[in-house]
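Here are my notes on the model, set out as numbered points. Please read them with the structure open beside you.

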Amino acid sequence: MELVFETQNIEQTEKLGKSLGKCLSKGDFVALTGDLGAGKTAFTKGVAKGLGIKDDVTSPTFTIINEYPGPVPLAHMDVYRLKSLQELENIGFDDYLDGYVVVMEWADKVKELLPEDVLWIDFKVLDNSHRQIRFVSSSPYYDDKIRELSI
Ligand SMILES: Nc1ncnc2c1ncn2[C@@H]1O[C@H](COP(=O)(O)OP(=O)(O)OP(=O)(O)O)[C@@H](O)[C@H]1O
Ligand SMILES: [Mg+2]
């Protein structure tokens with residue numbers, strides 16, 4: 001199932017993330033792709049809010065993984081600067097798969113390591129303030145989670 005949204009500003013992108021976050025639970029994996037500066041981190045901030053996390057979410061570009069405790073804990077990953085798949089495994093990637101919601105930016109770079117069923121979300125810059133955000137689910141499990149999304 002595919003769903004396409006267009007957001008007009010950063011607030012709408014965050015709100016869309018929040019509405020997804022409300023439907024996610026431990027063990028879920030959200031794989032983000034798309035242009036630099038397209039809104040992946042902004043969206044993840046919203047996801048964290050939806051999960052009930054109070055801390056401010058910042059980009060993990062240099063740390064690769066940031067974890068946030070909460071009612072449903074979040075592991076926010078960004079593999080843009082990752083040098084090898086081995087590096088991600090060394091950081092303990094597998095340890096996050098069961099007890100967290102994982103949101104990974106640039107996930108297409110490490111496809112080989114991802115769980116079988118993930119929710120893909122692709123971000124595209126349309127212009128200064130507009131973004132296209134495309135959800136692609138390939139299971140009834142994630143279909144159910146994206147069906148009710150709203151901006
Ligand atoms: N509709 C929109 N949705 C989200 N961000 C927007 C929108 N319009 C403008 N912006 C701006 O685009 C930028 C998005 O930055 P963000 O860090 O979320 O992108 P990113 O995809 O995580 O980038 P990177 O690939 O570098 O990690 C922000 O500066 C934000 O203000
Ligand atoms: Mg980012």
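1. A residue is called buried when its relative accessible area is under 20%. By that cut-off, the buried residues of α2 are Lys40, Thr41, Ala42, Phe43, Thr44, Gly46, Val47, Ala48, Gly50 and Leu51. That makes 10 of the 12 residues in the helix, so α2 is mostly covered. Keep in mind throughout that this is a predicted model.

2. The length of α2 can be checked by simple arithmetic. The expected span is 1.5 Å times one less than the number of residues, so the 12 residues of α2 should cover 16 Å. The C-alpha atoms at the two ends are 17 Å apart, which agrees.

3. Next comes ligand 1, which has 19 residues around it. Thr13, Gly37, Lys40, Thr41 and Ala42 are the closest of these. Two helices, α1 (10–21) and α2 (40–51), each give at least two residues to this shell. The largest share, three residues, is that of α2. Sorted by kind, the shell holds five nonpolar, nine polar and five charged residues.

4. Which atoms of the protein make polar contacts with ligand 1? A polar side-chain atom of lysine 40 is 2.8 Å from an oxygen atom of the ligand. A backbone N or O atom of glycine 39 is 3.0 Å from a ligand oxygen. On the nitrogen side, a polar backbone atom of asparagine 9 lies 3.2 Å from a nitrogen atom of ligand 1. On its own, ligand 1 has 650 Å² of accessible area, and the protein covers 73% of that.

5. Ligand 2 is a magnesium ion, coordinated by Thr41 through OG1 and by Glu105 through OE, at 2.1 to 2.2 Å. Threonine 41 belongs to helix α2 and glutamate 105 to strand β5 (residues 101–105), so the pair ties together parts 64 residues apart in sequence. Glutamate 105 has a relative accessible area of 3%, so it counts as buried. Threonine 41 is also listed among the buried residues of α2, and it is one of the residues closest to ligand 1.

6. Is serine 137 buried or exposed? Its relative accessible area is 3%, so it is buried. Serine 137 sits in the loop between β7 (131–136) and α4 (140–147). Its side chain makes a polar contact of 2.6 Å with the side chain of aspartate 143. The side chain of serine 137 also reaches the backbone oxygen of serine 139, at 3.0 Å.

7. Two backbone angles deserve a look. Most residues other than glycine have a negative phi. Isoleucine 64, however, has a positive phi near 70 degrees. Isoleucine 64 is placed in the loop between α2 and β3 (65–68). With a relative accessibility of 6%, isoleucine 64 counts as buried.

8. The other angle belongs to tryptophan 106, which is not a glycine yet has a positive phi of about 65 degrees. Tryptophan 106 is in the loop between β5 and β6 (119–125). Why does tryptophan 106 count as buried? Its relative accessibility is 16%, and the cut-off for buried is under 20%.

Technical notes: Residues are numbered from 1 along each chain as its sequence is written. Chains are lettered from A and ligands numbered from 1 in the order in which they are written. This is a predicted model: local features need pLDDT of at least 70, side-chain atom pairs count only at pLDDT 80 or more; totals for chains, interfaces and linings use all residues. Side-chain values use heavy atoms; hydrogens and water are left out. A residue is near a molecule or strand if one of its heavy atoms lies within 4 Å of it. A polar contact is a pair of N or O atoms within 3.5 Å; within protein, one must be able to donate a hydrogen and the other to accept it, and residues adjacent in sequence count only if both atoms are side-chain atoms. Accessible areas come from the Shrake-Rupley method with a 1.4 Å probe; for residues, only the protein chains shown count as cover. Helices (H or I, at least four residues) and strands (E, at least two) are DSSP runs, numbered from the N terminus. Ala, Val, Leu, Ile, Met, Phe, Trp, Tyr, Cys and Pro count as nonpolar, Asp, Glu, Lys and Arg as charged, and the others, Gly among them, as polar. Donors are N, O and S atoms within 2.8 Å of the metal (3.2 Å for Na, K and Ca); water is not among the atoms, so sites may look incomplete. Buried means under 20% relative accessible area, exposed over 50%, partly exposed in between (1.4 Å probe, protein chains only).
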